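This explanation leads through one structure, from its interior to its sheet and then to its charged pairs. Please keep the sequence and the model in view while reading.

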Amino acid sequence: MNPAVIERATVRALMSLPGPVLERLAAGLETHSRPHLDSRLRFLLALSGAKPTLDSGTVEQARQIYRSTLALLDMAPVSLPVVVDHQVSMEDGSQILVRRYRPADAPLVSPAIMFFHGGGFTIGGVEEYDRLCRYIAKRTNAVVLSVDYRLAPEHPAPAGMDDALEAWRWLLNNTAQLGLDPNRLAVMGDSAGGCMSAVVSQQAKLAGLALPALQVLIYPTTDAALAHPSVQTLGQGFGLDIPLLTWFRGHFVQDPAVIEDCRVSPLRNPDLTGLPEAIVITATDPLRDEGLEYAQKLREAGNTVTSLDYPELIHGFISMGGVVPAARKAINDICVETKRRL
């Protein structure tokens, strides 16, 4: 039998044990105190100590580990009637993939969510996030368009951000053809993708493009300096450790000067007025403080912001709904809030 199938079955069997049992198992394995976390997450984190970290090998090895991890933890794929790949041309003549998901009950002229995946701007892609995007489409009854932007280190900052804005421009130019309501278009993303969603919202304004109706920022990175206090206080033992954060940044930020660029650090934009309504999601996460600060600065600039906080969850929970019920509930919450505001 395929080892990956065996591992998936084993993990899911273990994760079905009662919470108190998993708490006792985790307590016997973990090397960090995490009593406030969901018991299943505590157990997963304890188990992960025996596996190679993403930054322990090559970038290609990290991409494979990430692909396998998401397949292990994510929800089962939802069947949808329309899943179509589009090739979107960039200004330099290259093309990126945008995968479109349309749920069965979407209205004839549908709201849409442009989704940007996480992975430190270095790993992840449309394939890895296929299950999640199917689920979001089903739960929100909106068309989801998942963007396969270029990754570092092959394409360092701000290449991926430029791709994101071009994908947004393509969406605006094709709403009629795709059966979408131009007044009900959102951006959404987790981690690096949360950053991209914030950047698209800002850059669309600067470029004179129609803005998203909503931005959904799931534990976003908003400042590439990695200097906020939570990087230190939560940067060990919660799944996204400081060595991995700096590994990602080293690949993405190859010129330190771009840290000041608001396409890379949207928190540094001095003008945050007139931006789309935002839903900002935080967790027990080294990126927590910069997400909270960005939400506060959006409010201070007169924008509408809804905050969803999940201290019992960690960075990456959006892809753990297959084995962590608390993560799946949070995903459902995000979908409900998105559908309500879009």
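A residue to begin with is Val324: leaving aside its neighbours within four places in sequence, Val324 is in contact with Met15, Asp38, Arg40, Leu41 and Leu44. The model in which these contacts are found is a predicted one. Val324 also belongs to the largest nonpolar core, which has 67 residues. Together with Ile281, Phe317 and Ile334, Val324 is among the residues with the most contacts inside that core. A second core, separate from this one, has 39 residues, including Ala164, Met196, Val200 and Val253. In soluble globular proteins, nonpolar side chains tend to be buried together.

The next topic is the sheet. Eight strands form an open sheet with mixed pairing, in the order β1-β2-β4-β3-β5-β6-β7-β8. At its edges are β1 (82–89) and β8 (305–314), each of which pairs on one side only. On average, and with direction ignored, neighbouring strands of the sheet are turned by 20° against each other.

One antiparallel pairing joins strand β2 (residues 95–102) to strand β4 (residues 143–148), over five bridges. Within this part of the sheet, Arg100 stands opposite Leu145 in β4.

Toward the other end of the strand order given above, β6 and β7 pair in the parallel sense over five bridges. Here Ile218 stands opposite Ile281 in β7, and Ile281 has already been named among the residues with the most contacts in the largest nonpolar core. β7 also runs parallel to β8, to which seven bridges join it. Across this pairing, Thr284 stands opposite Ile314 in β8. From β7 the chain crosses through α11 to β8, and this β-α-β crossover is right-handed.

How many of the eight residues of β7 are buried? Seven of them are, so β7 is largely enclosed by the rest of the structure. The helix of the crossover, α11 (residues 288–300), packs on the sheet and touches β6 (214–218), β7 and β8. The direction of α11 makes about 155° with that of β7.

Charged side chains are the last topic. The whole structure holds 21 salt bridges. One of them joins Asp271 and Lys205, at 3.3 Å from N to O. This pair links distant parts of the chain, 66 residues apart: Asp271 is in the loop between α10 (242–252) and β7 (277–284), and Lys205 is in helix α8 (residues 192–207). Asp271 counts as partly exposed because its relative accessibility is 37%, and Lys205 also counts as partly exposed, at 28%.

Another salt bridge brings the discussion back to β7. The side chains of Glu277 and Arg341 meet at 3.0 Å, N to O. Glu277 lies in strand β7 and Arg341 in helix α12 (residues 325–341), so this salt bridge ties together parts that are 64 residues apart in sequence. The relative accessibility of Glu277 is 23%, so Glu277 counts as partly exposed. Arg341, at 26%, is likewise partly exposed.

Is Glu260, which meets Arg268 in a salt bridge of 2.6 Å (N to O), buried or exposed? Glu260 is exposed, with a relative accessible area of 55%, whereas Arg268 is partly exposed at 29%.

Some salt bridges also join into a network, which links Asp85, Arg99, Glu127, Asp130 and Arg134.

Terms used. Residues numbered from 1 in each chain as written. Predicted model: local features only at pLDDT ≥ 70, side-chain atom pairs only at ≥ 80, totals over all residues. Heavy atoms only, no water. Core = buried A, V, L, I, M, F, W, Y, C linked by side-chain atoms within 4.5 Å. Buried < 20%, exposed > 50% of the residue type's maximum accessible area, 1.4 Å probe, protein only. Contact = heavy atoms within 4.5 Å. Salt bridge = Lys/Arg side-chain N within 4 Å of Asp/Glu carboxyl O. Helix = DSSP H or I, 4+ residues; strand = E, 2+ residues; numbered from the N terminus. Pairing = 2+ DSSP bridges. Axes fitted to C-alpha atoms, helices over the stretch in contact; angles between N-to-C directions. Right-handed = clockwise from strand over helix to strand, strands pointing away.
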